[in-house]
Amino acid sequence: MTRIKRGYIARRRRKKISLFASSFRGAHSRLTRTITQQRIRALVSAHRDRERKKRDFRRLWITRINAVIRGVGVSYSYSRLIHNLYKKQLLLNRKILAQIAISNRNCLYIISNEIRK
């Protein structure tokens, strides 16, 4: 009985997995089983950190706004600013407020003084 050669499908699958892990170091880029494990781990981390990035940026914006607002006066804080913004129904999100705080502090001072009245 003649020997049957295997097809290319398994090799093609392994090649596709190894291309994903080409930037990994050591056995993580060479051994198929290890590549598969690292691939799962990398995708889990990517999924988790996409959500984490949103939280981290929100924290950064809040910190920046608070730092600039406290420069105006010690009695005024971030929480009071946000509360007053909601009372006056000004729709400025934290990202925009942080950009204003960095680029033009005087503008943020004017906004905070207007809503404080």
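Guide: A residue is called buried when its relative accessible area is under 20%, exposed when it is over 50%, and partly exposed in between. The model shown here is predicted.

Visitor: Why is Asp49 called partly exposed?

Guide: Asp49 has a relative accessibility of 36%. That value lies between 20% and 50%, so Asp49 counts as partly exposed.

Visitor: What makes the pair Asp49 and Arg48 a salt bridge?

Guide: The side chains of Asp49 and Arg48 meet at 3.2 Å, N to O. A salt bridge needs a side-chain nitrogen of Lys or Arg within 4 Å of a carboxyl oxygen of Asp or Glu, so this pair qualifies. Arg48, with a relative accessible area of 48%, is partly exposed because that value is not over 50%.

Visitor: How many salt bridges are found in the whole structure?

Guide: The search finds two. One of them joins Asp56 and Arg52 at 3.4 Å, N to O, which is also within the 4 Å limit. Both residues lie in helix H2, four residues apart, about one turn of the helix. Asp56 has a relative accessible area of 34% and is therefore partly exposed. Arg52, at 36%, is partly exposed because its value also falls between the two cut-offs.

Visitor: How do you know that Arg94 has no salt bridge?

Guide: The nearest side chain of opposite charge, Asp56, is 14 Å away. A salt bridge needs a distance within 4 Å, so Asp56 does not qualify as a partner. Arg94 is found in helix H4 and is buried. Leaving out residues up to four places away in sequence, Arg94 touches Arg58, Trp61, Ile62, Ile65, Tyr78, Ile82 and Tyr86.

Visitor: Why is Ser112 called buried?

Guide: Ser112 has a relative accessibility of 0%, which is under 20%, so Ser112 is buried. Ser112 is found in helix H5. Apart from neighbours within four places in sequence, its contacts are Ile69, Tyr76 and Leu81.

Visitor: Which residues of the largest nonpolar core touch the most other members?

Guide: They are Ile65, Ile69, Leu81, Leu85, Leu97 and Leu108, out of 15 residues in that core. Helices H2, H3, H4 and H5 each supply at least two residues of the core. In soluble globular proteins, nonpolar side chains tend to be buried together. Beyond its neighbours within four places in sequence, Leu81 is in contact with Ile65, Ile69, Tyr76, Ser112 and Ile115.

Visitor: What makes Ile96 partly exposed?

Guide: Ile96, in helix H4, has a relative accessible area of 35%, and that is between 20% and 50%, so Ile96 is partly exposed. Leu90, Leu92 and Ile96 form a nonpolar patch on the surface, with about 210 Å² of accessible area together.

Visitor: Is Gln89 buried or exposed?

Guide: Gln89 has a relative accessibility of 68%, which is over 50%, so Gln89 is exposed. Gln89 lies in the loop between H3 and H4. Although Gln89 is not a glycine, its phi is positive, about 60°.

Visitor: Why is Gly26 called partly exposed?

Guide: Its relative accessible area is 33%, so Gly26 falls between the cut-offs for buried and exposed. Gly26 sits in the loop between helix H1 and helix H2. From C-alpha to C-alpha, Gly26 and Thr2 are 39 Å apart, with their positions 24 residues apart in sequence numbering.

How values were computed:
Residues numbered from 1 in each chain as written. Predicted model: local features only at pLDDT ≥ 70, side-chain atom pairs only at ≥ 80, totals over all residues. Heavy atoms only, no water. Buried < 20%, exposed > 50% of the residue type's maximum accessible area, 1.4 Å probe, protein only. Patch = residues over 30% accessible without salt bridge, like charges linked within 9 Å, V, L, I, M, F, W, Y side chains within 5 Å. Areas by Shrake-Rupley, 256 points an atom, 1.4 Å probe, with all protein chains shown as cover. Core = buried A, V, L, I, M, F, W, Y, C linked by side-chain atoms within 4.5 Å. Contact = heavy atoms within 4.5 Å. Lys, Arg positive; Asp, Glu negative; His and termini not counted.
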